[in-house]
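Colleague: I'm new to reading protein models, so I'd like to go through this one with you. Could you show it to me first?

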Amino acid sequence: MLVIEAKLKGTTTQYSKLDEAIRTGQFIRNTCLRYWEANIGVTRNDLQKLCSVLAKNKETPWAKKLNSQARQAQADRAWSAIQRFYENCRLEKPGKKGYPKDKKFSRSVEYKNSGWKLSYDRRQITFTDGFKVGTMDLWSSRDLVCYAEKQISRVRVIRRADGYYAQFLLDWDRREKHEFKGKMTVIDLGLKEFYTDSDGNTVENPKYLRKSERRIKMLQRRVSKKHIKGKKQSNRYQKARQALALANLKISRQREDRARKEALALVKSNDLIVYEDLKIQNMVKNHHLAKSISDASWYQFTQWLQYFAKVHGVIVIAVPPHNTTVDCSCCQAKVKKTLSTRTHKCSACGTVLDRDHNAAKNILAKGFKLLAEYLNSTVGHTESGAKSSKAQGETNLWLKNGDVLALSWLDELRTKNSWESPSRFGTPN
Ligand SMILES: [Zn+2]
């Protein structure tokens with residue numbers, strides 16, 4: 001899958017009609033969720049049917065305006081949120097299970113292969129559904145002309161702080177030749193450095209990101225100073241808010257760019273990469289801005305890692321984070337450490353290692369264990385008993401196969417980031 005993004009240029013009326021379409025999509029998604037909450041045993045098919053009921057309902061005349069496939073896409077989104085919640089519960093995933101919540105500020109709506117039409121030269125798009133948006137110009141650095149219209153499986157309209165965008169999802173299976181050298185690594189995503197690998201190499205966070213982070217902190221203070229509780233907000237407030245939104249958009253693009261480049265470089269030079277998963281969620285408990293910024297970059301980074309792993313045909317394994325710093329990598333004895341303890345000294349077997357080195361060894365061992373479990377498991381196992389089916393499920397959870405399609409649902413996953421949506425499935429290159 002490949003995504004080409006283009007800016008939509010049109011009139012103010014057209015933009016507000018796009019807003020209407022986005023709002024309607026949100027309405028349909030939320031209605032589906034409410035229907036699921038109120039009824040027992042709701043299936044995906046029920047939600048699809050609900051869409052056509054909504055379209056016929058005279059009390060919700062706007063629902064009919066949205067293209068029927070776009071309505072169904074919204075039902076699917078609600079469905080995948082529900083599915084993920086069930087899946088997390090089934091696998092007894094630690095932490096929050098992600099109970100599907102109503103969306104209040106949706107920024108996007110998704111069309112499948114109807115409700116829009118490209119012009120012959122692919123420089124314009126016409127939206128043909130009931131919102132009557134009409135023809136808009138497409139501004140993009142990448143050319144759509146190279147691809148057949150049939151290859152476009154979805155068109156997503158996204159609102160960002162600096163305008164409206166169309167993303168074209170193309171069915172295109174990207175494959176790159178990878179030179180296997182038998183090299184593997186464990187990466188540790190950090191706060192101070194971007195990551196440290198098991199050879200002790202560190203990749204720093206660049207200066208421009210720190211600069212942008214400082215600027216965002218300053219702009220956030222400005223917004224909260226101008227906020228008046230319980231009253232209509234002033235123009236000064238709205239201006240400050242807009243400035244903050246633009247700064248967030250800028251940093252999200254910078255982060256995305258960096259995450260993509262670092263992930264590609266890592267995949268290119270390794271055949272097997274292991275990292276600790278869920279550390280991200282543990283960190284989010286602390287709502288400190290600097291942390292949540294790193295969280296977002298890690299998340300993007302791991303998503304790109306999985307994407308490039310698939311493209312290059314290498315293995316990326318995410319392992320559960322329990323006890324990787326405490327366990328002795330030699331004898332598995334538990335060696336308690338405070339944050340300032342930099343050396344691992346095992347009293348049981350006498351191993352002395354650098355703290356991070358010990359953790360890296362543990363993570364690598366876990367990764368191999370999961371890989372072995374995965375390779376030795378077959379579909380037949382799941383029927384033989386509850387225990388093995390759980391083990392299988394866990395493998396599915398942790399051994400991420402770089403499912404690129406999952407990238408298109410990232411909007412659902414990325415609820416913790418309050419700022420502007422990064423060009424989510426940007427253009428892989
Ligand atoms: Zn030991």
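Colleague: Let me start with β6 and β7: what joins them, and through how many residues?

Modeller: A hairpin does, and two residues make the link. Bear in mind that this is a predicted model.

Colleague: How do you know that β6 and β7 count as paired strands?

Modeller: The cut-off is at least two bridges between the strands. Eight bridges join β6 to β7 (163-170), so the pair passes. They run antiparallel, and one matched couple is V157 with A166 in β7.

Colleague: What about β2 and β6: how many bridges join them, and are they parallel or antiparallel?

Modeller: β2 (108-111) and β6 (152-160) share four bridges and run antiparallel. There, E110 has R156 in β6 as its bridge partner.

Colleague: What is the order of the strands in the sheet that holds β2 and β6?

Modeller: Seven strands line up as β2-β6-β7-β1-β5-β4-β3 in an open sheet, with antiparallel pairing.

Colleague: Why are β2 and β3 called edge strands?

Modeller: Each of them has a single partner strand, so one side of β2 and one side of β3 (116-118) have no neighbour in the sheet. On average, neighbouring strands of this sheet are turned by 30° against each other, ignoring direction.

Colleague: What makes β1 and β5 a pair?

Modeller: Strand β1 (residues 2-9) and β5 are joined by three bridges; the rule asks for at least two, so they pair. They run antiparallel, and K9 has D137 in β5 as its bridge partner.

Colleague: Now L144. Where does it sit, and why is it called buried?

Modeller: L144 is in the loop between β5 (134-139) and β6. The cut-off for buried is 20 or more C-beta neighbours within 10 Å. L144 has 20, so it counts as buried.

Colleague: Which residues does L144 touch, leaving out those up to four places away in sequence?

Modeller: Its contacts are I4, R122 and F168. Then there's R123: it is 21 residues from L144 in sequence, with 8.3 Å between their C-alpha atoms.

Colleague: On to the helices. How does the reach of α4 compare with what is expected at 1.5 Å a residue?

Modeller: Helix α4 covers residues 68-90, which is 23 residues, and it reaches 33 Å from its first C-alpha to its last. The expected value is 33 Å too, so the match is close. After α4 comes E92, whose phi is positive, near 50°.

Colleague: Which residues of α4 are buried?

Modeller: They are A70, R71, A73, Q74, A75, D76, R77, A78, W79, A81 and I82.

Colleague: What makes α1 oblique to α4?

Modeller: The axes of α1 (residues 12-38) and α4 cross at roughly 45° and come within 8 Å. Under 35 degrees would be roughly parallel, and 65 to 115 roughly perpendicular. The crossing angle fits neither range, so α1 is oblique to α4. The crossing is right-handed. On the α1 side, G25, I28, R29, C32, L33 and W36 meet α4 residues that include A70, Q74 and I82.

Colleague: And why is α2 called oblique to α4, rather than roughly antiparallel?

Modeller: Helix α2 (residues 44-56) packs against α4 at about 140°, with the axes 9 Å apart. Roughly antiparallel needs an angle over 145 degrees, so this pair ends up as oblique. The crossing of α2 and α4 is right-handed. Among the α2 residues that meet α4 are L47, L50 and C51.

Colleague: What is the other sheet like, the one with β10 and β12?

Modeller: It is an open sheet of five strands, ordered β10-β9-β8-β11-β12, with mixed pairing. The edges are β10 (202-204) and β12 (315-319), each pairing on one side only. The twist averages 20° from one strand to the next.

Colleague: Which helix packs on that sheet?

Modeller: Helix α9 (residues 355-376) does, touching β8, β9, β11 (272-276) and β12. Its direction makes about 110° with that of β12.

Colleague: How many helices and strands does the protein have?

Modeller: Twelve helices and 14 strands. Of the 429 residues, 32% are buried.

Technical notes:
Residues numbered from 1 in each chain as written. Predicted model: local features only at pLDDT ≥ 70, side-chain atom pairs only at ≥ 80, totals over all residues. Buried ≥ 20, exposed ≤ 12 C-beta atoms within 10 Å, placed from the backbone. Contact = placed C-beta atoms within 7 Å. Axes fitted to C-alpha atoms, helices over the stretch in contact; angles between N-to-C directions. Left-handed = near helix turned anticlockwise from the far one by under 90°.
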